[in-house]
Amino acid sequence: MNQLLSRVNDGFYRLLEVIMVVCLLVMFVLVFINVMMRIFMNSGIDVSEELPRYAFVWMTFIGAVVGMRKHAHLGVDMVVAALPVLGRKVCWGISQAIMALCSLYMLYGTWLQHDIIAANASPVMQMSMLWAFGVSYLTGAAITLICIANLARLAFGQVAESELIDVQEEGLEEAHEVERELDAQEKSHAVRPGGPQA
């Protein structure tokens, strides 16, 4: 049963990643074609003014869900890293609860404005704006579920210490990669026959 749930979960996030790639392709192709047509033919595609914008909205909101699952959101962990394990658990639990509350507000706010959004049509494609901004239903629900699952795991003691710092500092992974490369170079120089003696 756990394997089935894990496969469904992985498949769902794989689908979200595919949707993000499709949104990126739509943005790139339509904007590129529109620019080329304006340069060489002095005309353009009307749809290319709207569709890439809505694809960007979808990509951003879906990216927030994927980033939440992969712990890829940026943040500052200076204070949390200095705390003992119990303090990290408390802070992690508080942050998960705050994120769940914010995503619930997003879900509730979208529901309150549902009729207004659905009644508005886009100027060019004349599609309901719910197709553009209704993605916040998905984002709000998914992030809420992720946070609730994380809080349940924390309550049952299933959260590893490595998860308690739940952010990625910008450029930190690249810095660690450079450090590893420098260490490897130093070791290779020390091993060579003509290298420095220990």
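Buried means under 20% relative accessible area, with partly exposed covering the range from there up to 50%. That cut-off will help with the views below, which come from a predicted model.

**View 1. Cys147, a buried cysteine without a bonding partner.** At 0% relative accessibility, Cys147 falls under the cut-off and therefore counts as buried. Which cysteine has the sulfur closest to that of Cys147? It is Cys102, at 9.2 Å, which is too far for a bond.

**View 2. Cys91, a cysteine in no disulfide.** The structure as a whole holds zero disulfides. For Cys91, the nearest cysteine sulfur belongs to Cys147 and is 15 Å away. Is Cys91 buried or partly exposed? Its relative accessibility is 31%, so Cys91 counts as partly exposed.

**View 3. Tyr54 and Phe133, an edge-to-face pair.** Welcome to one of the four aromatic pairs that a search of the whole structure finds. The ring centres of Tyr54 and Phe133 are 6.4 Å apart and the planes meet at 80°, so the pair is edge-to-face. Tyr54 sits in helix 2 (residues 47–70) and Phe133 in helix 6 (residues 130–133), so the pair ties together parts that are 79 residues apart in sequence. The two partners can also be described by their accessibility: Tyr54 counts as buried at 7%, while Phe133 counts as partly exposed at 36%.

**View 4. Helix 2 and the helices it packs against.** Here you can follow the 24 residues of helix 2 over 34 Å from the first C-alpha to the last, close to the 34 Å expected at 1.5 Å a residue. Buried residues of this helix include Ser48, Glu50, Pro52, Tyr54, Val57 and Met59. Further buried residues in helix 2 include Ile62, Val65, Val66 and Met68. Which helices do the buried residues of helix 2 pack against? They are helix 1 (2–40), helix 4 (85–112), helix 6 and helix 7 (135–155). Look just after helix 2 as well, where His71 takes a positive phi of about 55°.

**View 5. Leu16 and Val65 in the largest nonpolar core.** This core has 13 residues, and Leu16 and Val65 are the ones that touch the most other members. Helix 1, helix 2 and helix 7 are the elements that give two or more residues to this core. Try finding the contacts of Leu16 for yourself: leaving aside its neighbours within four places in sequence, Leu16 is in contact with Ile62, Val65, Val66 and Leu138.

Definitions and conventions:
Residues numbered from 1 in each chain as written. Predicted model: local features only at pLDDT ≥ 70, side-chain atom pairs only at ≥ 80, totals over all residues. Heavy atoms only, no water. Phe/Tyr/Trp six-rings, centres within 6.5 Å; stacked < 30°, edge-to-face > 60°. Helix = DSSP H or I, 4+ residues; strand = E, 2+ residues; numbered from the N terminus. Buried < 20%, exposed > 50% of the residue type's maximum accessible area, 1.4 Å probe, protein only. Expected span 1.5 Å × (residues − 1). Contact = heavy atoms within 4.5 Å. Disulfide = S-S within 2.5 Å. Core = buried A, V, L, I, M, F, W, Y, C linked by side-chain atoms within 4.5 Å.
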